[in-house]
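Reader: I should be grateful for a close look at a single helix and its surroundings. Please describe how the helix is packed against its neighbours, and how those neighbours are themselves arranged.

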Amino acid sequence: MRVSAIDQAVISFSSRSANEGFARAAAACFAAQLDPTLDELADIKTAVSEAVTNAIVHAYPDRLGKVTMRLRLYQDGQLEIQVKDTGMGIPDVEQARTPLFTTGNEERSGMGFTIMESFMDKLQVRSQVGRGTTVTMRKRIARRAGVPR
């Protein structure tokens, strides 16, 4: 049985590096509804930075494209963030998820997916060459005493 989101938002922006900060702030503001701790907010912002930066750098290496971020909140305190591009796609997702693997230049660390996975509870990556990539991340925000949901 699929549970319906209690709130959701969709934001689309061009793959300009300046929009990475916008995506971080938007995700943090949306997640604030769950009254996360500062550490939980930092985790969310870091994971969003990695996902959006991957789309900007790898999906559209030589042109601007569109990045869409969908945010959903669920009754159980779970936050879902989906970052989608319609760029180059990833030929081998498992290889791309290997720490230190990168298709970028020497400035890239190859740790994006590893970082996302370490800061979120669940990470799913779907990609099709020539059609784009969708990264879905989930994090449960611990309910604090006295905070209604």
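**Helix α2 and its surroundings**

Author: In this predicted model, α2 passes α4 in a left-handed crossing. Helix α2 comprises residues 38–59 and helix α4 residues 112–119. The two pack at an angle of about 155°, and their axes lie 9 Å apart. Since angles over 145 degrees count as roughly antiparallel, α2 is roughly antiparallel to α4.

The contact can be described residue by residue. On the side of α2, the participants are Asp 43, Thr 46, Ala 47, Glu 50, Ala 51 and Asn 54. They meet Gly 112, Phe 113, Ile 115, Met 116 and Phe 119 in α4. By class, this contact of α2 with α4 has six nonpolar, three polar and two charged residues.

The other neighbour to consider is a sheet. It is open, has five strands in the order β1-β2-β3-β5-β4, and its pairing is antiparallel. The edge strands, each pairing on one side only, are β1 (7–14) and β4 (122–128). On average, neighbouring strands are turned by 10° against each other, direction ignored. Helix α2 packs on this sheet and touches β1, β2, β3 (78–85) and β5 (132–140). The direction of α2 makes about 175° with that of β5.

A salt bridge also links α2 with β5: it is formed by Lys 139 and Asp 43, whose closest N and O atoms are 3.4 Å apart. Because Lys 139 lies in strand β5 and Asp 43 in helix α2, the pair ties together parts that are 96 residues apart in sequence. Asp 43 is also one of the α2 residues that meet α4. The count of salt bridges comes to four.

The pairing within the sheet may be followed from either edge. In general, strands of a sheet pair through backbone hydrogen bonds, either parallel or antiparallel. At one edge, eight bridges join β1 to strand β2 (residues 66–73), and these two run antiparallel. Here Gln 8 stands opposite Arg 72 in β2. At the other edge, seven bridges join β4 to β5, which likewise run antiparallel. The bridge partner of Ser 127 is Thr 133 in β5. Strands β4 and β5 form a hairpin with three residues between them. In its turn, Gly 130 has a positive phi of about 80°.

Taken together, α2 meets α4 through the residues named above and packs on the sheet, with the Lys 139 to Asp 43 salt bridge tying helix α2 to strand β5.

Note on methods: Residues are numbered from 1 along each chain as its sequence is written. This is a predicted model: local features need pLDDT of at least 70, side-chain atom pairs count only at pLDDT 80 or more; totals for chains, interfaces and linings use all residues. Side-chain values use heavy atoms; hydrogens and water are left out. Axes are lines fitted to C-alpha atoms, for helices over the stretch in contact, and angles run from 0 to 180 degrees between N-to-C directions. Helices (H or I, at least four residues) and strands (E, at least two) are DSSP runs, numbered from the N terminus. Angles under 35 degrees count as roughly parallel, over 145 as roughly antiparallel, 65 to 115 as roughly perpendicular and the rest as oblique. A crossing is left-handed if the near helix is turned anticlockwise from the far one by less than a right angle, and right-handed if clockwise. Contact means heavy atoms within 4.5 Å. Ala, Val, Leu, Ile, Met, Phe, Trp, Tyr, Cys and Pro count as nonpolar, Asp, Glu, Lys and Arg as charged, and the others, Gly among them, as polar. Two strands pair if DSSP finds at least two bridges between them. A salt bridge is a side-chain nitrogen of Lys or Arg within 4 Å of a carboxyl oxygen of Asp or Glu.
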